[in-house]
Amino acid sequence: VDILTFLICHSGVSSFNQFIHELSVDSDSSSVDYASAEDEPDEIYRSTPSSPLSDGSGTCRTSTHINHDPHWTNWVAYIFSWILLPARFLLRIPFLLFRLLSSRESKASLDTGSPRPRTFHPFRKVHSSKDHVVQRTIDRRRGVIEDLHIAIEIFIEAIFDMFHKAAYFVFSPFAAFRIFGKWFSSPSAGDKDIDDNVSNASVPTATLGANDPSPRERNLTLHHTLNTDARTCRDVITELGYPYEAIHVITSDGYVILLERLPRRDARKAVFLQHGILDSSMGWVSNGVVGSPAFAAFDQGYDVFLGNFRGLVSREHVDKNISLRQYWRFSINEHGTEDIPAMIEKIHEVKTAELKLSHPNEETNDEQPYKLCAISHSMGGAAMLMYVIIRRIEEKPHRLSRLVLLSPAGFHDETSFLFTVAHYVCLLLAPILALFVPALYIPTRFFRMLFNKLVRDFHNYPAVGGLVQTILSYGFGGDSSNWVGVLGLPHYNMNDMPGLSFRVIHHLAQIKRTKKFRMYDFGSKAVNMEVYGSPEPIDLGEYYSLIDIPVDLVAGKKDQIITSSMVKKHYRLMKDSGVDVSYNEFEYGHLDFTFAHHEELLAFVMSRLLLVEPDLKRQSSPKKALKLKKTGQVRSGVSSD
């Protein structure tokens, strides 16, 4: 009996309790340097207020000392314990009931053990918040395997705690009767006596950054174990110290889309960045200050706007009762003729009003007072070309001064075997799939969280991550993009994530089958006639001659999603149509254009933007205007630099 009690009481602090203590400290230590335990004097530990852990250890030492005292009462207790053997089994039933009641007030159970200095792992200051945003994002989360490991330790702790208390009640029946007597007479007192040492779930931790650095009690909750990163583009931008503005834009068909901004309200040059398929504005800020196009453009003096297509899991729409199938009834057509026009017109409205306020003395005319360039990736490039061409056909202004298209979609003659099979299956089963699969996305919050944590496991275990990276690379034709790293970005999180409409997939399959960059075929000549004015969809490649602004095409030599030969097809058609177009190649995969840090690509994109000079207009002074009027050199009372 003495040996069993000794082993239970002197088992020390378990690995799980140590993990919980370090986890609670680590969660608050993202911006403070800590030295290791060896570098600190022993007085630090002696001056720390005693925790429930140490109190329990003292109690355990006292009880062990009493058990070792060779007194005749030990023999009496031993004899009575055997006499009351049948009562031991009966006592288990109220004990279990008591455990159920007391567990409601306790957060977790801590084993008692001898006090010993805890070995703190050295904490180092994390990297600057302005660099390696993707790595910081990944480090914030635990994976499924780690969660299972913690759950197993919790289960083992609970089992040992149960045996610990069972042994205590069996070998100390008088103490058991006393406790149960107090419990029945005063439930609150019984709870306090029983759970003082073992069921206090608070962990003493230092509150980092507070005025009082002394240890405080912080209760652990179940939500801490989720440990997922659900940051938005806004969180990333503001964490890095940049200004942020959110503009909600409503399209003509009722979709509510988010236009995000790094505002420079008095700037006469603006840039609009549009993401591609299964992406969001997060892609333009995911590489931190040094490698993100959005931050680079802002630092160059641009007013930066980040567009988001319709198609998030949250399904924002003016009609709150819109059905799932109705919401996802859109193709690339709607991206190019609804989403982009709504966002660019909102940009024009905002910029015109702001510049009018910042330059009140400037005379206004029909020309827009700013220059707007657009940078688009993948499907965003195809939608941007569609936007410019359709606006020119409708004889409406497109507001743009230059296009920079990074691996633009539009031609898909050459695709991987996986994509080819998917395209033809989509074409054959389109009527059936459209009814049952309106879109591809993760529907519930739980499964999005599970996906988020599985990706974390890919990073924690290089062998697993390497295997997934290899499978995805071969599945996409050998594309060298960092697929695992992209999946770990926070825009694929438990709260929201981009989805993929079936009509978008069907549209891409139609483009591959016809080998033409054309608008969506509704499958009915009557519907096509109503929408396009012809029985066949509009072939956008035939209207490249309407593009009246410079276009810069950028392709990736290692891109197997949209190969360089497909980008060259855009280039040849534009060149033959008389478009001012340039073509450049880099050693990148498809996702490297937005999610990888490449200084040469960033320098090239910024150099193309700088080719567009803003019109710096200002009001002439009265004396100068009079002088110019006499010499016949004044035009409309405004001079241009």
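Select Glu354 in this predicted model. Glu354 is buried, at a relative accessible area of 13%, and the cut-off for that class is under 20%. Show its side chain together with that of Arg265: the two form a salt bridge, 2.8 Å from N to O. Glu354 belongs to helix H15 (residues 332–358) and Arg265 to the loop between E4 and E5, so this pair ties together parts 89 residues apart in sequence. Keep both selected and add Glu245, Arg261, Asp303 and Lys351; salt bridges with shared partners join these six residues, Glu245, Arg261, Arg265, Asp303, Lys351 and Glu354, into one network.

Centre next on Arg265. Its relative accessible area is 41%, which makes Arg265 partly exposed. A salt bridge also connects the side chains of Arg265 and Glu245, at 3.0 Å from N to O. Here the link runs between distant parts of the chain, from Glu245 in strand E3 to Arg265 in the loop between E4 and strand E5 (269–274), 20 residues apart.

Stay on Glu245 and turn to Arg261. Their side chains meet in a salt bridge at 3.1 Å, N to O. Glu245 is in strand E3 (residues 245–250) and Arg261 in strand E4 (residues 256–262), so the pair ties together parts that are 16 residues apart in sequence. Is Arg261 buried or exposed? Arg261 counts as buried, with 0% relative accessibility. To widen the view, display every salt bridge in the structure; a search of the whole gives 21.

Now hide the charged side chains and select Phe272, Leu400, Leu403, Ile547, Val551 and Met574. In the largest nonpolar core, which has 69 residues, these six touch the most other members. Colour helix H16 (residues 379–393) as well, since the largest share of this core, 10 residues, comes from that helix.

Zoom in on Met574. Beyond residues up to four places away in sequence, Met574 touches Leu385, Tyr544, Ile547, Val551, Leu553, Val579 and Val581. Apart from this core lies another, of 36 residues; Tyr302, Cys373, Phe586 and Phe604 are among them.

Cavities come next. How many of 30 Å³ or more does the structure hold? There are 4. The largest has a volume of about 150 Å³. To find it, select His275, Leu278, Phe309, Arg310 and Gly499, which are the closest to its centre of the 18 lining residues. By class, the lining of this largest cavity has 9 nonpolar, 7 polar and 2 charged residues.

Move to the second largest cavity, with about 90 Å³ of space. Its lining includes Trp284, Gly291, Pro293, Ile375 and Leu406. Asp592, Phe593, Ala596, His598, Leu601, Leu602 and Val605 also line it. Helix H25 (592–595) and helix H26 (599–609) are the elements that give two or more residues to this lining. H26 supplies the largest share, 3 residues. By class, the lining of the second largest cavity divides into 9 nonpolar, 2 polar and 1 charged.

Finish at Tyr168, in helix H8 (residues 144–171). With a relative accessible area of 41%, Tyr168 is partly exposed. Select Ala175 and Ile179 too: Tyr168 is in contact with both, leaving aside its neighbours within four places in sequence.

Conventions: Residues numbered from 1 in each chain as written. Predicted model: local features only at pLDDT ≥ 70, side-chain atom pairs only at ≥ 80, totals over all residues. Heavy atoms only, no water. Core = buried A, V, L, I, M, F, W, Y, C linked by side-chain atoms within 4.5 Å. Buried < 20%, exposed > 50% of the residue type's maximum accessible area, 1.4 Å probe, protein only. Helix = DSSP H or I, 4+ residues; strand = E, 2+ residues; numbered from the N terminus. Contact = heavy atoms within 4.5 Å. 1 Å grid on protein atoms, 1.4 Å probe; cavity = no way out; pocket = protein on both sides within 12 Å on 5 of 7 lines; lining within 4 Å. Points joined across faces, edges and corners; volume = space filled by probe spheres on them. Nonpolar A, V, L, I, M, F, W, Y, C, P; charged D, E, K, R; others polar. Salt bridge = Lys/Arg side-chain N within 4 Å of Asp/Glu carboxyl O.
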